[in-house]
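Trainee: I would like a close look at one part of this model, with each term explained as it comes up. Please start inside and work outward.

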Amino acid sequence: MVKILLAEDEEVLRMLVLDTLEDEGYDIDEAPDGLEAYRLIEQNEYDLVIVDHMMPGMTGLEVIEKVRKLPGRQHTKVMMLTAKSQQSDRDCANEIGVDYFISKPFSPLELVKIIGGIVN
Amino acid sequence: MNRWFKQKLGRDLMVVLYSFLALALVGSIFMYVYMEERVAANEQRLQDVDQRIERLNALWDDWQGVQYEARGYLVFGDTESLDRAKAKENEFQQEINWFKSVVQTKQGEIFAEDLQEFHDFYFGVILPVTTEYGQLRADGEITETTINPETVLALPTAQRLIEQGVVPYSPERGIDTLGPIQQIETALSDYKDLMDSEKQKVYDAWKLNNNILQFLWIASILSFAALILLFIQPFLRRQTRLISRLSIASDRLLKGEIVDLSDQMGREDEIGTMSRSFHKMAETLRDNERHLIEKNHELQAQQEELIAQQEELQAQQQELEEILEQTQQNEQHLAYRNELTETLAARDSLTAYPEIIEKLVAITDSEVGALVFLDATGSFSITSHGLNETLTRQLLDSENSVLTRAMTLRTTVHSSKQVASDHPLPYPYYMYETAVPVHDPTDDAIIAFIYLVRYKDRFTQTQMGDIMSFARQLSLSLLRMRLFEEMTREKGKTERILDSIREAVIYVEHSTDDVFVNRPLYEMFPELDDITSNELAELSWNEWRETIATTVDQNDDFLKYTDQLFTDDFPHDSVSFSIRKGEMNLQMYAERIVVGGISKGTLLVFRDITSETEAERLKSEFISTISHELRTPLSSIYGFTELMVKKQLPNEKQAKYLETIHAETERLTHLVNDFLDVQRMEAGSQMYDREQLDVEPVIRDMMTFYEASSLKHQFELVTADDRPYELFADCQKFKQLMSNLLSNAVKYSPHGGKITVELAHHDQSISIKVKDQGIGIPSDALDRLFDKFYRVDNSDSREIGGTGLGLPICQEIVRGHAGQIHVESVQHQGSTFTVVIPSYEYAVREQESTTA
């Protein structure tokens, strides 16, 4: 079963993504902030990590930057959901090791398609 | 051989010494051999004597033994004793034989014969008789207790022996047995004494030998020493004599006498060599002395010549000194002129007039002098040297003074007059005055006069020449100074203008490469201050550029732009960069200064755009935050609507999604409203419709509304007194303020509690406190609480929604009413927001006073 971590501080958005992806049969863990997200990634191996950028505690980018230094987490696929959609933000994220970049607002069905492409 | 002796001193002495040594050696060897021989002979003798004594003792022992055994037999009749005595005969005979064999002297021979005689008697007579006597006594035929010689004589053996005549017998005495025994014992003892004396003789001989040897040894040493002395002394005396001759000769040589050593020079030994060297040396010395004496004569002659020359030189020197004195005078004169010219040429000559006139007086040999300047209005100013007040007044005011006349005539005027004797000199004298006009070279107008006075003599032609030439110099100098002053004034003006503008400027003059900078540049780059103050600002453009470049963060951009400044590729655009790690943002642009088609210089301007950049950044950040805040609810609405439109959903999910969409839309609306409010308030475009407002009923109404919507909270309004709480406020905005504060109090005390509003009157204001017992605010968040979009970042507050604009709006409303808002909070215990707004009375009074 494909295992996905969803780190998003907005409960409503978390519900949206969760509902959509659960219908597709993915196993999903949730994290309401950066610290929790990092803890979960440290303990579990995910096929995909979806992180919001603006999160309290630790931003999405900070989480990824730390995750990339963990042994065996260099190649974990990371998707970033963010309201920041400027090219410079994307470049910065790529440098740190974000593989996919989805800007808010996004289409949940489109998201499902993209995730399907990634995990299969 | 003889030659060999002569070649070296001491060879003959050595030969003698060696001969003596050899002689002594031979003598010693001879003596040694002789002594050895004597010692050996003595030893041999001693050994011989010792052996004889030893044998004698043995013989004695044997004899005693035999006698003892024989007596034993006689007394006890023991035959064994007799046998032992008989057995001894042989040994006894052997001893006697030995003595016979070693006979050397007459005494020895007699001794040996005695021994043999006794032996024969004893063993031939006594022992057989004794044997028979003993036998008869043993047989009992003889019974007498003592030996009776008659009985013995009667024995048959004795008879037979007597008959044979072997035994000396006399009828009166019978057989004399004791006589031979005593005789032999005496012989033995005598022989022993003889041996002892013999031994003593050997020792004596030995001792004598030693004494002789010692004597010989000492005698030989003494004779050896005497011989050496005897031989060496004359030899040494001879050599010493030779050397002392040399010594005496050198003494004489020292005294300068002539020395003849010819007899010694012929010798082949060292004395000969030394004498020859000495002779040579003496000759050289004599030559040198002769030479020196000649030299001395020569030098004396030279010295005399020198003295003559010196006298001549002294005469010349005196002459020169006189000339020098003259020259020095001229030089002083020239130095004064030179200094005068220099003073005039110097920049600060305007303040150096006293010095100038003093020098002029000195050059022209005058007594007093003055420089009189005419200004535009026609009045005088005077700088004088030695001129007293009376004279000054006379000069300036008198119509007949040379100055007045020169003014009128516009030319040089001289005058001479006799002066009474009460003046400086004690006798009547003439006073010569002269006034020389100084013209402005541009328009020929008179700008000054030179006034000089001499006593006794008139001014010479040369002095007049000096004065006229000085007048021309002065006129040129004054013109130059006027121009310089004007230039300085202009320069100062330009500098002041450039220093007053906000932009920093560097100007590089192309022809000279001089660099000019204005003060704001130093303010912009304080680093330059250190360098320029050290190196007196004589920096080249490149040094300026390098120093500034070190502070620039975007170093490459700066260098690239400034590289182009002096090329054909002149940059016409501007470039922006930050300095000192973003401390300041600068915009830089360059301009060419072109005059008449020729570029004269390059101007580089730095503009501080820090605040503009900061404003730009804040605006961009604000927009970015807003867009983020808007995107979040938009994402929800977009997402859920899409799901509802495109997916088949169960009813309960549809209802939930619709609810969410509604809530998010509401949030979006709030956000947009709040955002617009803040924008309007910050821009200062918010209009407040202010009126007299009693806030107590307004607050009470609002609290009733909130109380109805929350079951967990208790609301209380506390008023300090019954006076009305009146503000001069916009009712709608006040409600918005209170609504924000009260809804925060409810939201941030999620577990309920008491919410208290306290109203109080103060001198000029009214305070409203909103207290809750909620989660409180972390102390590090208090400072940022009123920032836009700031949300306290912890798990408690995350549960609680909000736009992050409520408190900024409150703050804007309070400020819009000239009030203040602040917060106190203890985490987990609650927060208190205090709003202080001027009371209605005070606000109205203030407004009236400002409009009036």
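Trainee: Which residues of the largest nonpolar core touch the most other members?

Mentor: This is a predicted model, in which local features need pLDDT of at least 70 and side-chain atom pairs count only at pLDDT 80 or more, while totals for chains, interfaces and linings use all residues. Residues are numbered from 1 along each chain as its sequence is written, and chains are lettered from A and ligands numbered from 1 in the order in which they are written.

The largest nonpolar core has 38 residues, and those that touch the most other members are Ile4(A), Leu5(A), Ala7(A), Ala37(A), Val49(A), Ile50(A) and Val51(A). A nonpolar core is a set of buried Ala, Val, Leu, Ile, Met, Phe, Trp, Tyr and Cys residues joined through C-beta atoms within 7 Å. Buried means 20 or more other C-beta atoms within 10 Å of the residue's own, exposed means 12 or fewer, and partly exposed is in between, with C-beta atoms placed from the backbone.

In chain A, the elements that give two or more residues to this core are β1 (3-7), α1 (11-23), α2 (34-43), β3 (48-52), α3 (60-67), β4 (78-82) and α5 (108-119). Chain B joins them with α18 (610-646). Helices (H or I, at least four residues) and strands (E, at least two) are DSSP runs, numbered from the N terminus. The largest share of the core comes from α1(A), which gives five residues.

Take Val49(A) from the list above. Neighbours within four places in sequence aside, Val49(A) is in contact (C-beta atoms, placed from the backbone, within 7 Å) with Leu5(A), Ile41(A), Thr76(A) and Val78(A). Apart from this core lies another, of 35 residues, with Leu737(B), Leu741(B), Leu742(B) and Ile821(B) among them.

Now the contact between the chains. Each side is counted: 18 residues come from chain A and 18 residues from chain B. On the side of chain A that touches chain B, α1 and α5 of chain A are the elements that give two or more residues. Helix α1(A) gives the most to that side, with four residues. By class, that side has 11 nonpolar, three polar and four charged residues. Here Ala, Val, Leu, Ile, Met, Phe, Trp, Tyr, Cys and Pro count as nonpolar, Asp, Glu, Lys and Arg as charged, and the others, Gly among them, as polar.

Chain B, the partner, has 24 helices and 19 strands. Of its 852 residues, 20% are buried. Among the contacts in chain B with a separation of 6 or more, 57% are between residues 24 or more positions apart.

Two helix contacts in chain B show the classes again. Residues of α2(B), including Leu59(B), Trp63(B), Val66(B) and Tyr73(B), meet residues of α3(B), including Leu82(B), Ala85(B), Phe92(B) and Trp98(B). That contact has 11 nonpolar, four polar and seven charged residues. Elsewhere, Ala70(B), Tyr73(B) and Leu74(B) in α2(B) meet Leu127(B), Thr130(B), Tyr133(B) and Gly134(B) in α4(B). The contact of α2(B) with α4(B) has five nonpolar, two polar and no charged residues.

One residue outside these helices is Leu559(B), which sits in α17 (residues 555-564) of chain B. Leu559(B) has 15 other C-beta atoms within 10 Å, so this residue is partly exposed. The C-alpha atom of Leu559(B) is separated by 8.5 Å from that of Glu546(B), 13 residues apart along the chain.
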